[in-house]
Structure formats: structure tokens, C-alpha cells
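Biologist: I am new to this model and should like to be guided through it step by step. Please show it first.

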Amino acid sequence: MNNPESHQSVATDQGQRSLRHACLCAKIADDYKGKDTLVLDLTAITPIVDYFVITTGSSRRQMHAVVEEVDRVLESEGSRRIGLEGYSGNTWILQDYGDVVLHVFSSEAREIYDLEHLWADAPHIDWRTEIEAETR
């Protein structure tokens, strides 16, 4: 016999985990000097992904540092990367964790792809407030 409340609790736990991981990605990007880092909440918009994390890197080396640290931290949290695109390039690196997708752009590529406007109806998460609340 299925218990709907049990399924709802699991979904809520998964949603909290996704939000936490998105905010961790944003904090790491910020710690590694990513610019204009933001988290978009896509949970009410698409069933494909819960959150986009978007940041701008100033160099290929810095972009690599961000994605490598995010991967290290999320793996330690039990979240394995299922996709990686653009790592060998200089303009955009995408890391897909299923529920969270990290986009690290060069400033030029961020303007071209303009994900903030493409997903303009997605609410922005105040990731700094979320991180502070978690540490209390």
C-alpha cells in the first residue's frame, strides 16, 4: 500500500537537497571569484531540472577551477555529475547533476546565450540568504 504522505516527504527532501546543492554551487562560484552568480528556480517551469546556477568566469583557468571544485564538493555530498560540456573550450562549461545544472560562461558567451532572459519567468533564489540560514 502506497502512502502519499511518504512520497510527498521524499519529494520535499529531494527538493531541499536540490536547493542546497544549487546554493552550494553558487557559493563555490562566488568563492572562486565568479561574477554575477545567480540561481534560477525552474521547479515550476520544467520537469527536466530544478535549478540553474549561472556565473561568469574571467579566464579558462578560473572557469575550470570553479567546475572542478563544484564537482568535488557535490560528489562528497553524494551527487554525481551526469554530464559535462565545453570543458575543452574557452567560453562555456556546463555541468549537469540532474537536478542542478551549473553554467560557467565567459562574459561574451553569457551575453550571447542570455539564459537569464531565456528563462526570465524563473524566480531568482537569494542563495546567500539560503546559505546563511543553513549555517545557523
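**A side chain and its backbone partner**

Biologist: Which backbone atom does the side chain of Thr-55 reach?

Modeller: The side chain of Thr-55 makes a polar contact (N or O atoms within 3.5 Å, one able to donate a hydrogen and the other to accept it, with residues adjacent in sequence counted only if both atoms are side-chain atoms) at 3.4 Å. This is a predicted model, in which local features need pLDDT of at least 70 and side-chain atom pairs count only at pLDDT 80 or more, while totals for chains, interfaces and linings use all residues. Residues are numbered from 1 along each chain as its sequence is written, and side-chain values use heavy atoms, with hydrogens and water left out. The atom reached is the backbone oxygen of Lys-35.

Biologist: Is Thr-55 buried or exposed?

Modeller: Thr-55 is found in strand β2; strands (E, at least two residues) and helices (H or I, at least four) are DSSP runs numbered from the N terminus. Buried means under 20% relative accessible area, exposed over 50%, and partly exposed in between, with a 1.4 Å probe and protein chains only. Since the relative accessible area of Thr-55 is 1%, the residue is buried.

Biologist: In the loop between β1 and β2, which backbone atom lies 3.2 Å from a polar atom of the side chain of Thr-46?

Modeller: Thr-46 has its place in that loop and, at 13% relative accessibility, counts as buried. A polar atom of the Thr-46 side chain lies 3.2 Å from the backbone nitrogen of Ile-48.

**The sheet**

Biologist: In what order do the 6 strands of the open sheet lie?

Modeller: Strands pair if DSSP finds at least two bridges between them, and the pairing in this sheet is mixed. The edges are held by β3 (83-85) and β6 (124-125), each with a single partner strand, so one side of each has no neighbour in the sheet. The order is β3-β4-β5-β2-β1-β6.

Biologist: Which residue of β6 stands opposite Leu-40?

Modeller: β1 runs antiparallel to β2 over 5 bridges, with Val-39 opposite Val-53 in β2. β1 is also joined to β6, again antiparallel, by 2 bridges. Of the 7 residues of β1 (residues 35-41), 5 are buried, so this strand is largely enclosed by the rest of the structure. The residue opposite Leu-40 is His-124.

Biologist: Which residue of β4 stands opposite Glu-85?

Modeller: β3 and β4 (residues 92-96) pair in the antiparallel sense, over 3 bridges. Opposite Glu-85 stands Leu-94.

Biologist: At what angle to β4 does helix α2 run?

Modeller: Axes are lines fitted to C-alpha atoms, for helices over the stretch in contact (heavy atoms within 4.5 Å). Angles run from 0 to 180 degrees between N-to-C directions. Helix α2 (residues 60-76) lies across β4 and β5 (100-105), and its angle to β4 is about 5 degrees.

**Rings**

Biologist: Which residues are linked into a cluster by ring pairs?

Modeller: Rings of Phe, Tyr and Trp (its six-membered ring) pair if their centres lie within 6.5 Å; planes under 30 degrees apart count as stacked, over 60 as edge-to-face and the rest as tilted, and the count comes to 4 aromatic pairs. Trp-92 and Phe-105 have ring centres 5.1 Å apart and planes at 15 degrees, so they are stacked, and this pair ties strand β4 to strand β5. Trp-92 also pairs with Tyr-113 in a tilted arrangement, at 4.3 Å and 45 degrees. The cluster therefore consists of Trp-92, Phe-105 and Tyr-113.

**Nonpolar cores**

Biologist: Which element gives the most residues to the largest nonpolar core?

Modeller: A nonpolar core is a set of buried Ala, Val, Leu, Ile, Met, Phe, Trp, Tyr and Cys residues joined through side-chain atoms within 4.5 Å. The largest has 25 residues, and those with the most contacts inside it are Val-39, Tyr-51, Val-53 and Val-70. α1 (4-31), β2, α2, β5 and α5 (127-135) each supply at least two of its residues. With 8 residues, the element that gives the most is α1.

Biologist: How many residues does the other core hold?

Modeller: It lies apart from the largest core and includes Leu-38, Leu-40, Phe-52 and Leu-94. In soluble globular proteins, nonpolar side chains tend to be buried together. The number of residues in this other core is 12.
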